[in-house]
Amino acid sequence: MDAPGSAPRTDDGPHGHGTQHTASSELAVPARVPSPSRRSEPSGRLARWLLEHRVAPEGPAAAAGHGKGHPWWQVLCLTGVDYFSTLSYLPGIAALAAGALSPLATLLIVALTLLGVLPMYRRVAKESPNGQGSVAMLERLLPFWKGKIFVLVLLGFVATSWIITITLSAADASVHVLENPFFPDFLEGHAVALTVGLLLVLGGVFLLGFSEAVVVAIPLVGAFLALNAVVVAVGIGDLLADPGALSDWTDRLTSGGGLGGVIGPAVAAFPLLVLGLSGFETGVSMMPLVSADGRTPEERLAARIRNTRALLTAAALIMSVYLIATSFVTTVLIPPAEFEEGGAANGRAMAYLAHERIGEGFGTAYDISSVLILWFAGASAMAGLINIVPRYLPGYGMAPEWSRAVRPVVLVYTAVSIVITIAFGADVNAQAGAYATGILAMMVSGAVAVTISAMRRRRRPASIGFGVLTLILLYALSANVIEKPDGLTISMFFILGIVVISLISRVTRTTELRADHIEFDDTARRFVTDSLEHDGQLHLVANRRQVGDRAEYDDKEATQREMNPVPWAADVLFLEIDVVDPSEFSGALCVRGVEIDGHRVLRADAPAAPNAIAAILLALQEATGVRPHCYFEWSEGNPVGHLFRYLLLGRGDTPPVVREVIREVEPDPACRPGIHVGG
């Protein structure tokens, strides 16, 4: 029976569900409907202030869409505040770990950088051009829940690396303050308090709305590299004037006895020296900030990849030269005892030379430059940490909504940094193991990712080369863990914290609408329009497709009309959700119309069936102004089992979950879509 004034209808099926053609060109549902989700704004002044600034879900990539970007050499300076700042403490750590063999161990690091790590990250930049790094490459290789858990573990190591970057850099900045003769004497013995103060200042800057500025990084990096070049030049000049210092070093170098006595300790020491490789991962994460010219998106993307590769290459070459030079002059010119704990060169070898070889005035200038670049290295790491959560976790439903806001996340990271600083006593050397563990874990993941990529492309030389690099980095990681197990312990705490918090968040957010927006194809829009023109109502039968033939839909409709209050003359649409990857959380919901022997079906792919059904019903109601009715039958089985199936597989006892999702969005029962359950 047609509604008055409706368009003619063709009934091919036994229940009158043939194709219906509307005479009107106006379709009742637009092609795209915004998510009906309603989020309440914070009411308190403090809450509004804390949630004022939010990070775009894709992290730094968001910045690329709102600005013209910066030349790659400027972004190099932004990366360099982390990468180059290690010159403040790395020569001291190298001398402490390898003694007179420090320059040789540094040569191994340089060789690894230029022959292995640089080619690896150039490949990462090409295959992950949106700044997500090797984590994104591995994420694509592991679908479903195992991929999500794997990413959470990697994020634990990333968090370890960048948190320790903040604490180690602040601790070394404190060393430069305390060792300078012009700073107040009352600070002596208060390294922990001074470091905590620097961390609080760093956190306070971010709370005020700080964002990284390339223009600040350029003079910091330029001045720091220039001062280091002066110290190296003066040191080499002193060596030329006093050949005795060089001969003393060569005597210490050969005292180990034979080639094995030289190479063995250097190889054993080099895992701790991976501190000199920091900056590559942050360099890739800054990729969206690199400007790129081109007339098309493809040309601009290719230019950004090319410019980022230039950035990585330049950074590696500059750092390699400085690493060799600083390691050499500090090892040869500084007495070994000064590198030990309590010595004047402990954690500040280049500053020691600046004071001893050039003078207190120049040494103070070097200290100020070191403090500033180390402090800003912490800012760079903090910015990277802020970008981690919205880049990965919200897409998994594994981060609370407030984690998109900058200020609450800054408070959390600042508190964690303070706890770690107190635990380590603001000791640079004590934190080196944890920092190296985080960096090496990230580099191992990158090496594995590019190795798998090369193997899939059947590039045998690259596969072998990256495979060897993977083994070298695994050795370095294993050696570092054995030598400094506290680094792995800290990483495990970070991993455990991230996994637990993520899973709790996922459970608490399962009944959210979980649809960014809803898209309807033309066939689905026509089905809805025809159904409205039939009787001015929308009646949908939820169906979990089995065979998908005419008999299935005939039987389903007959059963629903028998057990549920479906009006006898109602026009029925079927609603089916195919669960594709239940480990995903949200995204665009695309509804397509399919006709099966006169039965009209609305189908969509989604991570969870109940949430998708709720989103479609609310979208239809919002678009048409008509309250839809959806019909279900009760599921058989244990309710607890249904709950776990829903959490892990996106299906369970669907009707009550659909109703709960709708209830959270629409508090007024009279305005909610009708949910009818029989059986």
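Helices here are DSSP runs of H or I with at least four residues, numbered from the N terminus, and I will use those numbers throughout. What we have on the screen is a predicted model, in which local features need pLDDT of at least 70, side-chain atom pairs count only at pLDDT 80 or more, and totals for chains, interfaces and linings use all residues. Residues are numbered from 1 along each chain as its sequence is written, and side-chain values use heavy atoms, with hydrogens and water left out.

Let me start with the cavities. By cavity I mean a set of points, on a 1 Å grid over the protein atoms alone, where a 1.4 Å probe fits but cannot get out, and its lining residues are those with an atom within 4 Å of a point. Grid points are joined across faces, edges and corners, and a volume is the space filled by probe spheres set on the points. On those terms the structure holds 5 cavities of 30 Å³ or more, and the second largest has a volume of about 90 Å³. It is lined by 15 residues, of which Ser-278, Gly-279, Glu-281, Ile-439 and Met-442 are the closest to its centre.

Which helix gives the most to this lining? It is α17, with 4 residues, while α7 (144–179), α12 (280–285) and α17 (428–456) each supply at least two. If we count Ala, Val, Leu, Ile, Met, Phe, Trp, Tyr, Cys and Pro as nonpolar, Asp, Glu, Lys and Arg as charged, and the others, Gly among them, as polar, the lining of the second largest cavity divides into 8 nonpolar, 5 polar and 2 charged residues.

Now to helix packing. Axes are lines fitted to C-alpha atoms over the stretch in contact, and angles run from 0 to 180 degrees between N-to-C directions; under 35 degrees counts as roughly parallel, over 145 as roughly antiparallel, 65 to 115 as roughly perpendicular, and the rest as oblique.

The axes of α5 (residues 102–127) and α18 (residues 460–483) come within 10 Å and cross at roughly 110°, so the two helices are roughly perpendicular to each other. Their contact, meaning heavy atoms within 4.5 Å, involves Leu-112, Gly-116, Val-117, Pro-119 and Met-120 of α5 with Phe-466, Leu-469, Ile-472 and Leu-473 of α18, and by class it has 8 nonpolar, 1 polar and no charged residues.

For α3 (residues 72–83) and α13 (residues 297–333), the axes come within 9 Å and cross at roughly 45°, and these helices are therefore oblique to each other. Among the residues making that contact are Trp-72 and Tyr-83 of α3 and Asn-307 and Met-319 of α13.

Finally, α5 and α13 pack at about 175° with their axes 10 Å apart, which makes α5 roughly antiparallel to α13.

How values were computed
1 Å grid on protein atoms, 1.4 Å probe; cavity = no way out; pocket = protein on both sides within 12 Å on 5 of 7 lines; lining within 4 Å.
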